[in-house]
Amino acid sequence: MFGNNDESTAPIAVGETYEVTIQDIAREGDGIARIEGFVIFVPGAEVGDTVNIKITKVLRKFAFSEIEE
């Protein structure tokens with residue numbers, strides 16, 4: 001599941017889904033979750049929410065996601 005990805009050392013991949021708990025809120029208002037310490041921005045989530053997310057974009061130090069309905 002966590003194979004080598006030449007583009008990134010992230011423990012996640014675009015298109016994958018995860019259940020996460022929102023730990024913080026970013027300045028822009030997005031929720032912040034972490035997987036293995038890797039930061040994921042989750043628009044529309046509040047601190048304490050446990051949500052299923054789908055990864056939409058992975059950068060070197062963080063990723064973006066959307067909540068799965």
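This report walks through a predicted model of one protein chain, from the overall fold down to a strand pair and a single serine.

## Overall fold

Helix hunters will be out of luck here: the chain has zero helices and six strands. Going along the sequence, that reads as β-β-β-β-β-β.

Of the 69 residues in the chain, 32% are buried. The accessible surface adds up to about 4,700 Å², and carbon and sulfur atoms own 44% of that. As for contacts with a separation of 6 or more, 40% of them link residues 24 or more positions apart.

## Strand 1 and its partner

Strand 1 covers residues 17-21 and has two faces. Y18 and V20 sit on the covered face, while T17, E19 and T21 are on the uncovered one. That fits a general habit: in a regular strand, side chains alternate between the two faces of the sheet.

Strand 1 runs antiparallel to strand 5, residues 50-58, and five bridges join the two. If you want to find the pairing in your viewer, look at V20, whose bridge partner in strand 5 is V51.

## A closer look at S65

S65 belongs to strand 6, which spans residues 62-67. Is this serine buried or exposed? S65 counts as buried because its relative accessible area is 4%, and the cut-off for buried is under 20%.

The S65 side chain also has a polar contact, reaching the backbone oxygen of F41 at 2.9 Å. Leaving out neighbours within four places in sequence, S65 touches one run of residues made up of I40, F41, V42 and P43, plus another with I53, K54, I55 and T56.

Note on methods. Residues are numbered from 1 along each chain as its sequence is written. This is a predicted model: local features need pLDDT of at least 70, side-chain atom pairs count only at pLDDT 80 or more; totals for chains, interfaces and linings use all residues. Side-chain values use heavy atoms; hydrogens and water are left out. Buried means under 20% relative accessible area, exposed over 50%, partly exposed in between (1.4 Å probe, protein chains only). Helices (H or I, at least four residues) and strands (E, at least two) are DSSP runs, numbered from the N terminus. Two strands pair if DSSP finds at least two bridges between them. Contact means heavy atoms within 4.5 Å. Accessible areas come from the Shrake-Rupley method with a 1.4 Å probe; for residues, only the protein chains shown count as cover. A polar contact is a pair of N or O atoms within 3.5 Å; within protein, one must be able to donate a hydrogen and the other to accept it, and residues adjacent in sequence count only if both atoms are side-chain atoms.
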